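Take a look at the predicted model below. The ligand site comes up before the helix packing.

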Amino acid sequence: MSLHESQKRVLSGMRPTGRLHLGHYHGVLKNWVKLQHEYDCMFFVADWHALTTHYEDPGQIEEHVWTMVIDWLAAGVNPGSASLFIQSRVPEHAELHLLLSMMTPLSWLERVPSYKDQQAKLNERDLATYGFLGYPLLQSADILIYKAGHVPVGADQVPHVEMTREIARRFNHLYGKQSGFEQQAEEAIKKLGRKSGAIYRELRKEFLEKGSQESLEKAQAILREQSNISLGDRDRLYGYLEGGGKIILPEPQSLLTDSPVMPGLDGQKMSKSYNNTIALREAPALVEQKIKTMTTDPARVRRTDPGDPNKCPVFKLHEVYSAESTRDWVRQGCTTAGIGCIDCKRPLIDAVLEEQKPMRERARQYEENPDLVKSIVAEGCEKARNVAKATLEDVRAAMGLDYR
Ligand code: TRP
Ligand code: SF4
C-alpha cells in the first residue's frame, strides 16, 4: 500500500467492556458509522489491552468481546464497509510491539498522562507491571501496523496518538536511511521525467531551506499524480522530500470526536462506574422505568411547584434528544408548573425508544445467529492479518531482520 492510500485508512479500537451504553453510541459509534462511508475503516476489539489492567480476571473477556461486537453491529457498523476484528487474532501486533519496544525510550512511556492517572484511579489493582507501562506502545503498534492515516479517539487518548507519531518518526529516522538511500532517491527523481523532476527538486529545496509548507504539499501532490513510478519509489520520494529517509511507518493523526458529553440518568457523564447508564440494547420497559424514576429539579416537590430545567438532569437529555420546539415546551411548562415531570419525560422516552428500535432489530438477527457474528469477525481478522503481515515484512527488512 502506498503512503497516499494509507492516509485514507481509519483505525480504532475499543476494550471489551461488555454491554455498551448510549454514551458509547453518541460518543463513538455514531462517528464510526459515519466514517465507514468516507474511509477504509478497520475497527478492532482490543482484548490484549483489557489484560493490561484486568490480568487477574480474564474470565469475562470472551463474553465481553462478542457482546461488544454485536453492539457495534447493532449501532450500524456495517461489515460490508468496515473490517471488524480481534486484536489477539492478529499476532503481528505483538511482534511489532516487541520490535518497537527496542527503540522506545522509557521516559516516553513514563510521561504518558494515563500512566500515572490510571494507576491512581485504579488503585485497588497492582498496575506496577511491564504490560501496563507498555500499553501505549502496544496501541502504537496497533495503529502503525495498518499504516493508518487517521485514528478516531476521545481526548484522553490523544497523547497516545501523539506518542505514536514520535515512535514512527524515530523508527523512520533510525531505519529509513538504508545505505544508498540518497542515490536511490535521485534515481527515482529521474523517473519522474525531466519537467516533473525539476519541479520536485525545486519544491523540495524550498521546503528544506525555507520550511515552505505550501511547497511540501505541492510536491506531495506531484507524487500523488505520478502513475509511472513504483510504490517503493513513491514512498522513497515522499521521505526524501522531508529530508529524511524512506517513510516506512507513516505518522497517524488523531480524529478527535467532538461530540458533547453524553449525560447519564443522574446528570453526570454517562458511565458504567456511575451506574447511570441506558444500555444500547436496553429492554424497552427498562428504558421507560429508568427515565420515569430519574430525579428532577428538587424544587418541584408538588406538581404545582414551578421548576428550573437548568437544574434538572432530564433536561440535559432533552438537549440531546429533543427538537427546539419540544425544549421550548419544556422550558415554558416547567417554569410555570404547566406540565408535570411525567409529561416532560414522555417525549424523551419515546425518542430514546425510537433511536433504539433499529438497533434492537439489527441486534436480534445477530443474537439469534452467533455464527454470523463469528464469520464477520473471521473475515475481518483475515483482512487485517494480510495488511499486518505486509507491514511487518517492511519493518523486518528495514531493521535487517529479513535473513533466512
Ligand atoms: N487504548 C484505547 C482505549 O483504552 C483502545 C485502543 C487500543 C485503541 N488500541 C487502539 C484506540 C488503537 C485507537 C487505536 O480506549
Ligand atoms: Fe425536569 Fe422536566 Fe420536571 Fe422540569 S418538568 S423538573 S425539566 S423533568
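Start at the ligand. A polar side-chain atom of Asp-142 sits 2.7 Å from a nitrogen atom of ligand 1. Gln-157 offers a second side-chain pair: one of its N or O atoms is 3.0 Å from a ligand nitrogen. Arg-15 meets an oxygen atom of ligand 1 instead, with an N or O atom of its side chain at 3.2 Å. A polar contact here is a pair of N or O atoms within 3.5 Å, so the pairs made by Asp-142, Gln-157 and Arg-15 count.

How much of the ligand does the protein cover? Taken alone, ligand 1 exposes 360 Å², and the protein buries 89% of that area.

Now turn to the elements that build the shell. Strand 1 (9–14), helix 9 (135–144) and strand 4 (150–153) each give two or more residues to the shell around ligand 1. Which of them gives the largest share? Helix 9 does, with four residues.

Step back to the whole shell. It holds 13 residues. The closest are Arg-15, Phe-44, Gln-139, Asp-142 and Gln-157. By character, the shell divides into six nonpolar, five polar and two charged residues.

Helix 9 also leads away from the site, into the helix packing. Its partner is helix 10 (residues 158–175). The axes of helix 9 and helix 10 are 9 Å apart, and the packing angle is about 70°. Angles of 65 to 115 degrees count as roughly perpendicular, so helix 9 and helix 10 are roughly perpendicular to each other. Their crossing is right-handed.

Next, look at helix 5 (residues 92–101) and helix 19 (residues 370–398). The angle between them is about 25°, with axes 9 Å apart. Under 35 degrees counts as roughly parallel, so that label applies to helix 5 and helix 19. This crossing is left-handed.

Finish with helix 16 (residues 313–321) and helix 17 (residues 324–335). Their axes are 9 Å apart too, but the angle is about 160°. Over 145 degrees counts as roughly antiparallel, and helix 16 and helix 17 are therefore roughly antiparallel to each other. Helix 16 passes helix 17 in a left-handed crossing.

Terms used: Residues are numbered from 1 along each chain as its sequence is written. Chains are lettered from A and ligands numbered from 1 in the order in which they are written. This is a predicted model: local features need pLDDT of at least 70, side-chain atom pairs count only at pLDDT 80 or more; totals for chains, interfaces and linings use all residues. Side-chain values use heavy atoms; hydrogens and water are left out. A residue is near a molecule or strand if one of its heavy atoms lies within 4 Å of it. A polar contact is a pair of N or O atoms within 3.5 Å; within protein, one must be able to donate a hydrogen and the other to accept it, and residues adjacent in sequence count only if both atoms are side-chain atoms. Accessible areas come from the Shrake-Rupley method with a 1.4 Å probe; for residues, only the protein chains shown count as cover. Ala, Val, Leu, Ile, Met, Phe, Trp, Tyr, Cys and Pro count as nonpolar, Asp, Glu, Lys and Arg as charged, and the others, Gly among them, as polar. Axes are lines fitted to C-alpha atoms, for helices over the stretch in contact, and angles run from 0 to 180 degrees between N-to-C directions. A crossing is left-handed if the near helix is turned anticlockwise from the far one by less than a right angle, and right-handed if clockwise.
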